[in-house]
Amino acid sequence: MTLSLSQLDAVSGTAGEAALSLGLVAREELPKYYRQISHDPAEKSSDLAAYVRRQREFSNPAFLEMMRTQLEVPTSATTKRWHSLLPGYCGKQVRPEDSPDELTTIQSARWSMKSVEEGIKLMKEDNIPGALRELNKAVEMSKANVEALVARGALYARKEDFHRAIRDFEEALKLNRNHRNARKYLSDTFYHLGKKFEADEPERALKFFKDALHLDPKFEEALEGQRRLSKQHQKSGHSASKPTTKEPEKSSISTAEKLRQMLLQPTSSNGKSNRSALCDTETSNISLLPRLLVAL
């Protein structure tokens with residue numbers, strides 16, 4: 001068995017004195033993964049490197065930051081020189097592209113793109129849950145990965161989860177406002193929302209058609225939808241503005257004045273006076289006579 005020892009341990013002793021105790025290594029002194037392999041019969045035949053790769057800690061994208069925090073190693077944000085456990089590297093000038101943060105970003109972006117490729121492959125195989133899992137992992141590893149956001153947005157649109165799709169497409173356009181697929185897919189999503197609301201909520205549908213055309217002015221289907229709803233709006237506005245049929249105007253002559261004129265007229269040709277004709281009207285009208293006569 002071969003163990004790699006840190007150079008820090010080799011130089012930490014005083015002059016003429018060994019920093020490391022020599023002799024046999026006890027089982028309790030072995031690294032964590034060696035001890036786990038020796039206690040697990042199923043893992044005894046495993047290679048140490050393969051066993052380590054299967055551990056959750058190895059897949060943690062933030063493991064470098066975690067280790068730097070535990071070891072209290074300054075980051076490139078606080079210094080421009082290397083801080084290493086290897087004495088020969090301490091104090092070296094750090095180029096921006098070689099800083100730990102930049103290298104971590106590059107590595108995370110590469111891992112993220114691998115998950116995007118796997119997610120797209122699963123999407124084509126109609127494995128929607130698996131594709132979503134891979135694309136979520138891609139976005140988590142690199143939130144600046146535009147391709148991961150666009151791919152996940154396309155998956156949400158396929159599931160008709162349009163609001164989450166719009167959120168991902170808009171986030172991608174914040175990172176790259178000229179991303180062709182992000183603009184196209186967002187425009188398509190607005191168009192499908194317009195079609196969804198066209199029958200029941202035409203005003204809302206018209207807004208979605210306009211949003212689609214803002215991203216793609218040559219989107220023929222969205223143009224046709226906008227024209228169709230605009231015509232409907234004009235027709236409804238025209239019918240609402242048509243004048244209604246006027247009711248015949250009521251005479252401005254009061255009831256008391258009419259009664260006075262009837263009483264002053266001569267007897268009719270059938271021998272009855274207009275006064276007696278009034279008495280032949282309906283009971284409701286007769287009941288009004290005393291008050292009207294008083295008015296005279």
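Okay, let's start on the surface: F63, L64, M66, M67 and L71 make a nonpolar patch of about 400 Å². Keep in mind that this is a predicted model, so everything I show you today is computed from it.

Let me stay with one member of that patch, L71. You'll find L71 in helix α4, which covers residues 63-71. How accessible is L71? Its relative accessibility is 48%, so L71 counts as partly exposed. For a residue to join a patch, the cut-off is over 30% relative accessible area, so on that point L71 qualifies.

Right, on to charges. How many salt bridges does the count come to? Ten. I'll walk you through some of them.

Take E171 and K174. Their side chains meet in a salt bridge, with 4.0 Å from N to O. The rule asks for within 4 Å, so have a look at that pair yourselves on the screen. Both residues sit in helix α8, residues 162-175, and they are three residues apart, about one turn of the helix. Now, the surroundings: E171 is partly exposed, at 35% relative accessible area, while K174 is exposed, at 67%. Exposed here means over 50%, so K174 makes that class and E171 doesn't.

Next, helix α10, residues 202-215. Which two residues pair up here? D211 and K207, whose side chains meet in a salt bridge at 3.1 Å, N to O. These two are four residues apart in the helix, again about one turn. D211 comes out at 23% relative accessibility, so D211 is partly exposed. The line for buried is under 20%, so D211 doesn't count as buried.

One more pair: E201 and R204. Their closest N and O atoms are 3.7 Å apart, and they form a salt bridge. Is this pair buried or exposed? Somewhere in between, actually: E201 is partly exposed, with a relative accessible area of 34%, and R204 is partly exposed too, with 35%.

Last stop, and we leave the charges behind: G130. Where is G130? In helix α6, which runs over residues 128-141. G130 has a relative accessibility of 1%, so it counts as buried. If you want a landmark for finding G130, try G119. The two glycines are eleven residues apart in sequence, and their C-alpha atoms are 7.1 Å apart in space.

So that's the tour: a nonpolar patch with L71 in it, some of the ten salt bridges, and a buried glycine, G130, in helix α6. Happy to rotate the model if anyone wants another look.

Notes:
Residues numbered from 1 in each chain as written. Predicted model: local features only at pLDDT ≥ 70, side-chain atom pairs only at ≥ 80, totals over all residues. Heavy atoms only, no water. Buried < 20%, exposed > 50% of the residue type's maximum accessible area, 1.4 Å probe, protein only. Patch = residues over 30% accessible without salt bridge, like charges linked within 9 Å, V, L, I, M, F, W, Y side chains within 5 Å. Areas by Shrake-Rupley, 256 points an atom, 1.4 Å probe, with all protein chains shown as cover.
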